Amino acid sequence: MRRCFSKITDCYLGFKNSNFFLVGSEVGSGSVTRTITTTSERSFSTSYAAHQVDQTKDSPVSDMLIDSFGRLHTYLRISLTERCNLRCQYCMPSEGVELTPKPQLLSQSEIVRLAGLFVSAGVNKIRLTGGEPTIRNDIEEICLQLSSLKGLKNLAITTNGITLAKKLPKLQECGLDSLNISLDTLVPAKFEFLTRRKGHDRVMKSIDTAIELGYNPVKVNCVVMRGLNDDEICDFVELTREKPINVRFIEFMPFDGNVWNVKKLVPYAEVMDKVVKRFPSIKRMQDHPTETAKNFTIDGHCGSVSFITSMTEHFCSGCNRLRLLADGNFKVCLFGPSEVSLRDPLRSGADDEALREIIGAAVKRKKAAHAGMLDIAKTANRPMIHIGG
């Protein structure tokens with residue numbers, strides 16, 4: 001039985017009277033099997049609650065990582081730098097952003113010490129982000145030290161792929177387990193327009209290099225924007241036919257400076273509709289309770305397709321993510337403006353217990369869910385390049 005309900009092979013989100021509704025249908029038959037209406041503020045599902053109990057038994061998580069709603073935070077995203085070799089439109093304003101002076105950024109030893117605190121408390125997955133993490137000169141050494149932390153099960157990276165191909169063999173040796181490569185178009189000229197830089201061929205080479213090195217799946221992140229790349233949705237899905245690629249369609253999200261507009265947003269329901277018409281054998285997979293994506297397979301395809309629906313169907317109830325920014329600020333929600341510095345007490349001589357108290361207090365203040373997309377657009381938040389992808 002699939003996660004949604006029996007005999008339903010796809011589920012997609014729509015809107016109805018400002019509430020969400022899920023529509024399940026037999027793909028290709030056009031017959032609606034069942035409709036469920038719910039509000040955006042859902043309580044925890046039974047399956048998620050059961051997962052939390054099981055996880056606590058299998059690998060104890062410190063109270064430091066448990067918020068007031070009982071969510072266990074076992075996934076830490078660490079931004080290594082604010083610098084980037086691209087200027088993607090959804091990430092950075094055209095005039096660029098003011099970067100934090102280098103002395104105010106976390107050093108390698110500070111990153112490893114803070115990461116060690118999180119892992120010792122129960123974090124088992126770390127993702128390195130940026131900016132562009134691969135442009136940091138000590139990226140290999142950081143990977144080596146992080147992968148050696150006892151209790152860490154997965155070390156991942158999100159990268160634009162520009163310099164990845166030549167660095168990946170060494171990164172793999174240093175313990176890099178998985179990766180996501182950002183690519184929003186398969187058309188070189190459009191790539192240059194979207195990123196304000198050249199380099200499409202280098203990104204494609206990085207994807208092929210990752211496959212050759214045995215990464216499976218190679219995740220490809222695609223932010224879908226109306227009028228820019230929404231005509232390429234099915235072309236991206238075709239990438240999964242012969243290669244172990246997981247294409248991840250991401251809804252366009254508002255951040256300072258990226259000129260977000262609801263008219264640019266292509267909702268999950270619309271993207272799914274296009275995919276279903278071209279690939280009617282698409283089927284929903286059984287997702288992990290903390291999974292941010294809705295994952296699908298297609299008959300005859302080596303890879304898979306996923307949808308990240310942050311704007312039209314948030315997944316806050318199962319959120320297990322925390323963020324450490326390049327300047328040492330700690331952020332418990334991507335869309336929340338609240339941050340607390342870990343760098344300042346660290347450099348002032350705070351011991352591990354004092355740092356744990358700061359982290360734990362911030363986690364306890366995490367809200368049940370982020371605001372709606374229109375409210376998020378009005379809320380002051382840092383540019384994505386400052387927060388980390």
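Helices (H or I, at least four residues) and strands (E, at least two) are taken as DSSP runs, numbered from the N terminus. On this basis, the loop between strand S7 (178–182) and helix H5 (188–195) holds Leu186. The structure described here is a predicted model. At 22% relative accessibility, Leu186 counts as partly exposed, because the buried class is restricted to values under 20%. Residues up to four places away in sequence aside, Leu186 touches His200, Glu232, Asp235, Phe236 and Leu239. One of these partners, Leu239, is 53 residues away from Leu186 in sequence, with a C-alpha to C-alpha separation of 10.0 Å.

The chain comprises 389 residues, of which 56% count as buried. Its secondary structure consists of twelve helices and 15 strands. Of the contacts in the chain between residues at least 6 apart in sequence, 70% join residues that are at least 24 apart.

The largest nonpolar core contains 78 residues, and those with the most contacts inside this core are Phe118, Ile126, Leu128 and Phe249. Helix H2 (residues 108–121) supplies the largest share of the core, with eight residues. A second, separate core is made up of twelve residues, among them Leu194, Ala293, Ile308 and Met311. The surroundings of Phe249 were examined with neighbours within four places in sequence left aside; the contacts of Phe249 are then with Cys222, Val224, Ile233, Phe236, Val237, Val271, Val305, Ser306, Phe307 and Ile308.

Three helix pairs are considered next. Two packed helices are described by the angle between their axes and the distance between the axes. For H2 and helix H3 (residues 139–147), the axes come within 10 Å and cross at roughly 25°. Angles under 35 degrees count as roughly parallel, and H2 and H3 are therefore roughly parallel to each other. Their crossing is right-handed. On the H2 side the contact involves Gln108, Ile111, Val112 and Ala115, and on the H3 side Glu141, Ile142, Gln145 and Leu146. By residue class, this contact of H2 with H3 has five nonpolar, two polar and one charged.

H3 also packs with helix H4 (residues 164–173), where the axes come within 9 Å and the crossing angle is roughly 25°. That angle makes H3 roughly parallel to H4. The crossing of H3 and H4 is right-handed. Ile139, Glu140 and Cys143 of H3 meet Lys167, Lys170 and Leu171 of H4. The contact of H3 with H4 is composed of three nonpolar and three charged residues, with no polar residue.

H2 and H10 pack at about 70°, and their axes are 11 Å apart. Because angles of 65 to 115 degrees fall in the perpendicular class, H2 is roughly perpendicular to H10. The crossing of H2 past H10 is right-handed. H2 contributes Arg113, Leu114, Leu117, Phe118 and Ser120 to the contact, and H10 contributes Asp352, Leu355, Arg356 and Ile359. The residues of this contact of H2 with H10 comprise five nonpolar, one polar and three charged. Phe118, part of that contact, is also one of the residues with the most contacts inside the largest nonpolar core.

Lys364 belongs to helix H10 (residues 352–364). A relative accessibility of 32% places Lys364 in the partly exposed class. When residues up to four places away in sequence are not counted, Lys364 touches Asp63, Ile66, Asp67 and Ser68. Lys364 and Val332 are separated by 32 residues in sequence and by 9.4 Å in space, C-alpha to C-alpha.

Several backbone features occur in loops. A cis peptide bond joins Gly130 and Gly131, with omega about 25°; Gly131 lies in the loop between strand S5 (125–129) and H3. The peptide bond from Asn216 to Pro217 is also cis, and its omega is near 5°. Pro217 is found in the loop between helix H6 (200–212) and strand S8 (218–224). Arg196, a residue other than glycine, has a positive phi, near 60°. Arg196 is located in the loop between H5 and H6, and its relative accessibility of 28% makes Arg196 partly exposed.

Note on methods. Residues are numbered from 1 along each chain as its sequence is written. This is a predicted model: local features need pLDDT of at least 70, side-chain atom pairs count only at pLDDT 80 or more; totals for chains, interfaces and linings use all residues. Side-chain values use heavy atoms; hydrogens and water are left out. A nonpolar core is a set of buried Ala, Val, Leu, Ile, Met, Phe, Trp, Tyr and Cys residues joined through side-chain atoms within 4.5 Å. Buried means under 20% relative accessible area, exposed over 50%, partly exposed in between (1.4 Å probe, protein chains only). Contact means heavy atoms within 4.5 Å. Axes are lines fitted to C-alpha atoms, for helices over the stretch in contact, and angles run from 0 to 180 degrees between N-to-C directions. Angles under 35 degrees count as roughly parallel, over 145 as roughly antiparallel, 65 to 115 as roughly perpendicular and the rest as oblique. A crossing is left-handed if the near helix is turned anticlockwise from the far one by less than a right angle, and right-handed if clockwise. Ala, Val, Leu, Ile, Met, Phe, Trp, Tyr, Cys and Pro count as nonpolar, Asp, Glu, Lys and Arg as charged, and the others, Gly among them, as polar.
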